[in-house]
Amino acid sequence: MAMIRKILKLAADIYEDRKLLKDLSLKDVKRRFSGTYFGMVWGVLQPLLTIIVYWAVFQFGFRSGNVEGAPFVLWFITGMISWLFISEAFQTAANSFVEYNYLIQKVKFNINILPLMKILSSFYIHLFFLLIVLVICAVFGFYPRLMLLQIVYYMFAEGMFLFAFSLITSSVLVFFRDLNQIISIFLLMGMWGTPIAWNITNFPENVQRILMLNPFYYLVEGYRDAVLGREWFWEKPVLGIRFWVVTLVLLVIGTSVYTRLKPYFADTV
């Protein structure tokens with residue numbers, strides 16, 4: 001019960017400062033690209049170039065054909081946009097307390113919103129990039145269907161997972177800066193351990209079951225289901241339940257770690 005109260009208190013604090021959360025996240029986007037000529041264009045151009053390079057390697061280098069009835073380029077980019085958001089938000093949220101250390105010194109400032117602010121900041125760019133992907137899909141004849149509505153559910157799932165995990169990483173990173181390097185390695189392994197550029201059906205069923213334990217698999221495949229109109233999220237209940245159990249466990253652990261370490265932030269950052 002005590003842990004439930006802590007989680008509810010954390011949620012209430014964030015809700016109370018929702019306007020500040022929105023304002024800070026928008027300022028963070030502008031701040032990230034301040035001093036550059038093209039501004040937010042870089043936020044789209046960089047991931048777009050990343051996608052083009054990976055797509056060219058697998059499409060032409062490995063001669064990947066159609067996947068599950070869709071051109072490889074569409075199958076690839078619909079999974080990749082989900083991963084790019086996860087990767088960027090994961091890294092920036094982990095550094096939120098260190099980057100905004102001057103706010104931690106302020107007694108009245110609610111630092112609970114900082115990890116979520118970073119996630120929201122990455123989300124704005126993600127939304128714009130998603131629109132570009134939808135246009136590319138339309139060019140190939142894959143027009144938005146009713147199933148696209150469930151993209152909202154998968155965005156919410158991503159946000160909850162990232163926030164739960166970032167409570168742990170951002171709190172620990174204040175005291176253990178080497179965690180940044182560990183996160184980079186973790187994301188590299190996550191990138192290649194998630195079926196973004198390769199098809200999971202190429203593996204035996206017992207291996208597939210192991211690979212499906214990866215919570216990123218649920219999110220990446222969910223984006224493909226939504227954008228390419230493959231199936232609804234309630235059609236795979238086992239994966240959904242497994243994902244939310246992992247997310248809730250991370251939220252409990254994250255809240256516990258954060259509340260224990262928070263009193264010592266000001267003395268460390």
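In this predicted model, Asn180 touches Asn95 and Leu173, not counting residues up to four places away in sequence. Asn180 and Asn95 stand 85 residues apart along the chain, and their C-alpha atoms are separated by 8.1 Å. Asn180 itself is partly exposed, with a relative accessible area of 24%; this value lies between the 20% under which a residue counts as buried and the 50% over which a residue counts as exposed. The residue belongs to helix 9, one element of an architecture described next.

## Overall architecture

The protein chain contains 13 helices and zero strands. Its pattern along the sequence accordingly reads α-α-α-α-α-α-α-α-α-α-α-α-α. The chain has 269 residues, of which 50% count as buried. The exposed area of the protein chain is about 13,800 Å², and carbon and sulfur atoms supply 69% of that area. Among contacts between residues at least 6 apart in sequence, 80% join residues at least 24 apart.

## Helix dimensions

Three helices are compared here with the span expected at 1.5 Å a residue.

| Helix | Number of residues | First to last C-alpha | Expected span |
|---|---|---|---|
| Helix 2 (residues 18-32) | 15 residues | 21 Å | 21 Å |
| Helix 7 | 26 residues | 39 Å | 38 Å |
| Helix 9 (residues 179-193) | 15 residues | 20 Å | 21 Å |

For helix 2, the distance between the end C-alpha atoms agrees with the expected value. The reach of helix 9 is close to its expected span, and the reach of helix 7 is likewise close to the expected figure.

## Buried and exposed faces

Which residues of helix 9 are buried? They are Leu179, Ile183, Leu187, Gly190 and Met191. Seen down the axis of helix 9, these buried residues fall within an arc of 120°, so they line one face of the helix. On the other side of helix 9, the residues Gln181, Ile185, Leu188 and Met189 are exposed.

In helix 2, the buried residues are Leu21, Leu24, Ser25, Asp28 and Val29. They cover an arc of only 140° around the axis, which puts them on the same side of helix 2. The face turned away from this buried side carries the exposed residues Lys19, Lys27 and Lys30.

The spacing of such faces follows from helix geometry. An α-helix has 3.6 residues a turn, so residues three or four places apart point the same way.

## Polar residues within helix 7

Lys118 is found in helix 7, which covers residues 114-139. Is Lys118 buried or exposed? With a relative accessible area of 3%, Lys118 is buried. Not counting residues up to four places away in sequence, Lys118 touches Asp28, Thr92, Ala93, Ser96, Glu99 and Tyr100. One of these partners, Asp28, is also among the buried residues of helix 2.

Ser122 lies in helix 7 as well. At 1% relative accessibility, Ser122 counts as buried. Leaving aside neighbours within four places in sequence, the contacts of Ser122 are Arg32, Phe85, Glu88, Ala89 and Thr92. Thr92 is thus a contact of Ser122 and also of Lys118.

Just after helix 7, Gly141 takes a positive phi of about 90°.

## Aromatic pairs

A pair of aromatic rings is described by the distance of the centres and the angle of the planes. With ring centres required to lie within 6.5 Å, the count comes to 22 aromatic pairs. Phe72 and Trp75 form one that is tilted, at 5.9 Å centre to centre with 35° between the planes. Both residues lie in helix 4 (residues 72-94), three residues apart, or about one turn of the helix. Phe72 and Trp75 are both buried.

A further tilted pair is formed by Phe156 and Trp244, at 6.0 Å centre to centre and 35° between the planes. This pair links distant parts of the chain: Phe156 is in helix 8 (residues 151-173), Trp244 is in helix 12 (residues 237-261), and the two are 88 residues apart. Phe156 is partly exposed, with a relative accessible area of 49%.

Trp75 also takes part in an arrangement with a charged residue: Arg224 lies over the face of Trp75, at 3.7 Å from the ring centre.

How values were computed. Residues are numbered from 1 along each chain as its sequence is written. This is a predicted model: local features need pLDDT of at least 70, side-chain atom pairs count only at pLDDT 80 or more; totals for chains, interfaces and linings use all residues. Side-chain values use heavy atoms; hydrogens and water are left out. Helices (H or I, at least four residues) and strands (E, at least two) are DSSP runs, numbered from the N terminus. Buried means under 20% relative accessible area, exposed over 50%, partly exposed in between (1.4 Å probe, protein chains only). Contact means heavy atoms within 4.5 Å. Accessible areas come from the Shrake-Rupley method with a 1.4 Å probe; for residues, only the protein chains shown count as cover. The expected span of a helix is 1.5 Å times one less than its number of residues. The arc is that of the directions from the helix axis to the C-beta atoms. Rings of Phe, Tyr and Trp (its six-membered ring) pair if their centres lie within 6.5 Å; planes under 30 degrees apart count as stacked, over 60 as edge-to-face and the rest as tilted. A charge sits over a ring if NZ of Lys or CZ of Arg is within 6 Å of the ring centre and within 35 degrees of the ring normal.
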